[in-house]
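Here is a short tour for anyone opening this model for the first time. Have the sequence and the 3D view side by side, and follow along from one part to the next.

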Amino acid sequence: MCAAGCLQDELFTLLENEDLAKVPIIVLANKQDMKDAMGVEEMTQALSLHSIRNHDWHIQVGRGPAAQQLYSVTGTATVQCNWHSSRTV
């Protein structure tokens, strides 16, 4: 399993891609019902999300079955993309 530092490196590598310029970021905080799950603030710090200035980002907490989480993330992605589109017009 990749540690948070590795995930942060991958995220920032992706954000350097010009094709992803200003694309909103959604982080799925899965298994939040687990005792040792990283909290939202801890995840925000571990991934250095506050340092991202050219992308809107959101952490979506996941606790239920996978289908519910996917539905929730899809709804969040739609809202984020619509909001982003309205700001760039």
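## How the strands pair

Two strands pair if DSSP finds at least two bridges between them. Keep that in mind for this predicted model, where strand β1 (residues 25-29) and strand β2 (residues 57-61) are joined by 5 bridges and run parallel. To pick out one of the partnerships, look for L28, whose bridge partner in β2 is Q60.

Q60 is worth a stop of its own. This residue sits in strand β2 and is buried, with a relative accessible area of 13%. Its C-alpha atom is separated by 6.8 Å from that of I26, although Q60 and I26 are 34 residues apart along the chain.

## The overall layout

Zooming out, the protein chain has 3 helices and 2 strands. Read from the N terminus on, the elements go α-β-α-β-α. Within that order, β1, helix α2 (residues 40-46) and β2 make up a β-α-β unit, and this unit is right-handed.

How many of the residues count as buried? Of the 89 residues in the protein chain, 24% do. The chain exposes about 6,400 Å², with carbon and sulfur atoms supplying 56% of that area. As for contacts, take the ones between residues at least 6 apart in sequence: 67% of them join residues at least 24 apart.

## How far to trust it

The mean pLDDT of the protein chain is 75, and 66% of its residues reach 70 or more. Where is confidence lowest, and where is it highest? The low end is helix α3 (residues 66-88), with a mean of 53, while the high end is α2, at 90. Where pLDDT is low, the predicted coordinates should not be read in detail. For helix α3, then, keep that mean of 53 in view as you look around.

## The nonpolar core

In soluble globular proteins, nonpolar side chains tend to be buried together. Here, the largest nonpolar core has 10 residues: L11, L15, I25, V27, A29, M43, L47, L49, I52 and I59. The elements giving two or more residues to this core are α1 (4-15) and β1. Which of the elements gives the largest share? That is β1, with 3 residues.

The two faces of β1 are worth comparing with the core list. I25, V27 and A29 form the covered face of the strand, and I26 and L28 form the uncovered one. Another core member to click on is L11. Leaving out residues up to four places away in sequence, L11 touches I25, L47, L49 and I52.

## L49 and T44

Is L49 buried or exposed? With a relative accessible area of 0%, L49 counts as buried, because buried means under 20%. L49 belongs to the loop between α2 and β2. Skipping neighbours within four places in sequence, its contacts are L11, V27, T44, W57 and I59. The C-alpha atoms of L49 and I25 are separated by 9.7 Å, and these two residues are 24 apart along the chain.

T44 turns up in that contact list, so have a look at T44 too: it is buried, at a relative accessible area of 3%. T44 lies in helix α2. Beyond its neighbours within four places in sequence, T44 is in contact with L49, H50, W57 and I59.

## Two more loop residues

S48 is also found in the loop between α2 and β2. Its phi is positive, about 55 degrees, although S48 is not a glycine. At 24% relative accessibility, S48 counts as partly exposed.

Finally, go to A37, in the loop between β1 and α2. A37 is partly exposed, with a relative accessible area of 26%. Leaving aside neighbours within four places in sequence, A37 is in contact with K31 and Q32.

Methods: Residues are numbered from 1 along each chain as its sequence is written. This is a predicted model: local features need pLDDT of at least 70, side-chain atom pairs count only at pLDDT 80 or more; totals for chains, interfaces and linings use all residues. Side-chain values use heavy atoms; hydrogens and water are left out. Helices (H or I, at least four residues) and strands (E, at least two) are DSSP runs, numbered from the N terminus. A crossover is right-handed if, with the strands pointing away from the viewer, the path from the first strand over the helix to the second runs clockwise. Buried means under 20% relative accessible area, exposed over 50%, partly exposed in between (1.4 Å probe, protein chains only). Contact means heavy atoms within 4.5 Å. Accessible areas come from the Shrake-Rupley method with a 1.4 Å probe; for residues, only the protein chains shown count as cover. A nonpolar core is a set of buried Ala, Val, Leu, Ile, Met, Phe, Trp, Tyr and Cys residues joined through side-chain atoms within 4.5 Å. pLDDT is the predictor's confidence in each residue, from 0 to 100.
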